[in-house]
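Please open the structure in your viewer and keep the selection tool at hand. The stops below go from one selection to the next.

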Amino acid sequence: AQFEDPPPDAGSVIDDAADTLVAILPPVLLEQPEPVFPDEALQAGVEGAAVLRITVSAAGTVADAALIRDPGFGLGEAARNAILGATFDPAMAGDQPVDYPDYFIRVPVDHPDIEPPALPTGQMANELTRFPELTTFVPAEYPPARKEASEQSTVQLQILIDPWGDVESVRLARSGGRDFDLAALEAAWQFQFEPGYAGDVPVPV
């Protein structure tokens, strides 16, 4: 994208006593309740994964959760309700826990009666015969303050695509500045692909 999750040193704060920048280590998920599978999805025989942009408080609780990718059929709201009950090791600035906004997380909501497909292993998993093809592109929203200042940037991302063509993870490969990074990450989480194949079997790529 031009202009995950944020990298381990995704932020910094000023230590007033030492007058230095202190790296912020992101939060780590400890426990999350299982999503309650919605009746609408059960009747439709579907499942899916939602992506949320959350704020993890300094106490390790989820203070806010906004849906970024909603598979529909009530699955997004089920994922949101589950993540609101999650607990984290909070983000740390030095030895101090701090609030951590703009944390992207993927929450699968699995159908109780659908078995996950068997994925190829070993050599077959490495024999990609068809690359994934982007079918839904979501443009990154230009950060207003950067647009007003006529600033441009480039962000490079690493995207893992699951066997259904959904984005499973997004990692920042090269930062373009925090505002640009967040815009690119939010857009990339909403991409949709025709999956990659090894022979006639869809595989994660």
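Between which two elements is the loop that holds Ser150 found? Select Ser150 and you will see that it is found in the loop between α4 and β11. What you are looking at is a predicted model, and in this model Ser150 counts as exposed, at 64% relative accessibility. Its backbone also deserves a look, as Ser150 has a positive phi of about 60° although it is not a glycine. Most residues other than glycine have a negative phi.

**Colour by confidence**

Before going further, colour the protein chain by pLDDT, which averages 86, with 84% of the residues scoring at least 70. Over residues 1–20 the pLDDT is below 50, although this stretch has 54 contacts in the model beyond near neighbours in sequence. Where pLDDT is low, the predicted coordinates should not be read in detail.

**Helix α1, by way of Ala41**

Select Ala41 next, a residue found in helix α1, which counts as buried at 0% relative accessibility. If you leave aside its neighbours within four places in sequence, Ala41 is in contact with Val46, Phe73, Leu75 and His111. Add Gly72 to the selection as well: the C-alpha atoms of Ala41 and Gly72 are 8.2 Å apart in space, while the two residues are 31 apart in sequence.

**Helix α2**

Leu75, which you have just met as a contact of Ala41, leads on to helix α2, which covers residues 75–84 and has Leu75, Gly76, Ala78, Ala79, Ala82 and Ile83 as its buried residues. Turn the view until you look down the axis of α2, where the buried residues fall within an arc of 160° and so line one face of the helix. To see what covers these buried residues, show the surrounding elements, which include α1 (39–44), β4 (48–56), β5 (62–69) and β9 (100–109).

**A network of charged side chains**

Two of those strands, β4 and β9, supply the next stop, where you should show the side chains of Arg53 and Asp102, which lie in β4 and β9 respectively. Side chains of opposite charge can pair when their charged atoms come close. Arg53 and Asp102 meet in a salt bridge, at 2.9 Å from N to O, and because one lies in β4 and the other in β9, the pair ties together parts that are 49 residues apart in sequence.

Keep Arg53 selected and add Glu186, with which Arg53 forms a salt bridge whose closest N and O atoms are 2.3 Å apart. Glu186 lies in helix α5 (residues 178–188) and Arg53 in strand β4, so this pair ties together parts that are 133 residues apart in sequence. At 24% relative accessibility, Glu186 counts as partly exposed.

Now return to Asp102 and add Arg178, as these two form a salt bridge with closest N and O atoms 3.6 Å apart. This pair also links distant parts of the chain, with Asp102 in strand β9 and Arg178 in helix α5, 76 residues apart. Arg178 is partly exposed, with a relative accessible area of 34%. With all four side chains shown, you can follow how salt bridges that share partners join Arg53, Asp102, Arg178 and Glu186 into one network. While Asp102 is in view, check its backbone too, where phi is near 60°, a positive value in a residue other than glycine.

**Helix α5**

Which residues of α5 are buried? Select Phe180, Asp181, Leu182, Ala183, Ala184, Leu185, Ala187 and Ala188 to show them. Eight of the eleven residues of α5 are buried, so the helix is largely enclosed by the rest of the structure. Among the elements that cover its buried residues are β4, β9, α4 (144–148), β11 (156–161) and β12 (167–174).

Centre the view on Ala187, which counts as buried at 5% relative accessibility. Not counting residues up to four places away in sequence, Ala187 touches Val138, Pro139 and Ala140. The C-alpha atoms of Ala187 and Ala140 are separated by 5.1 Å, whereas the residues are 47 apart along the chain.

**The second largest pocket**

For the last stop, select Arg53, Glu141, Leu182, Ala183 and Glu186, which lie nearest the centre of the second largest pocket and belong to the 13 residues that line it. This pocket has a volume of about 190 Å³. Which element gives the most to its lining? That element is α5, with five residues.

Definitions and conventions:
Residues numbered from 1 in each chain as written. Predicted model: local features only at pLDDT ≥ 70, side-chain atom pairs only at ≥ 80, totals over all residues. Heavy atoms only, no water. pLDDT = per-residue confidence, 0-100. Contact = heavy atoms within 4.5 Å. Buried < 20%, exposed > 50% of the residue type's maximum accessible area, 1.4 Å probe, protein only. Helix = DSSP H or I, 4+ residues; strand = E, 2+ residues; numbered from the N terminus. Arc of directions from axis to C-beta. 1 Å grid on protein atoms, 1.4 Å probe; cavity = no way out; pocket = protein on both sides within 12 Å on 5 of 7 lines; lining within 4 Å. Points joined across faces, edges and corners; volume = space filled by probe spheres on them.
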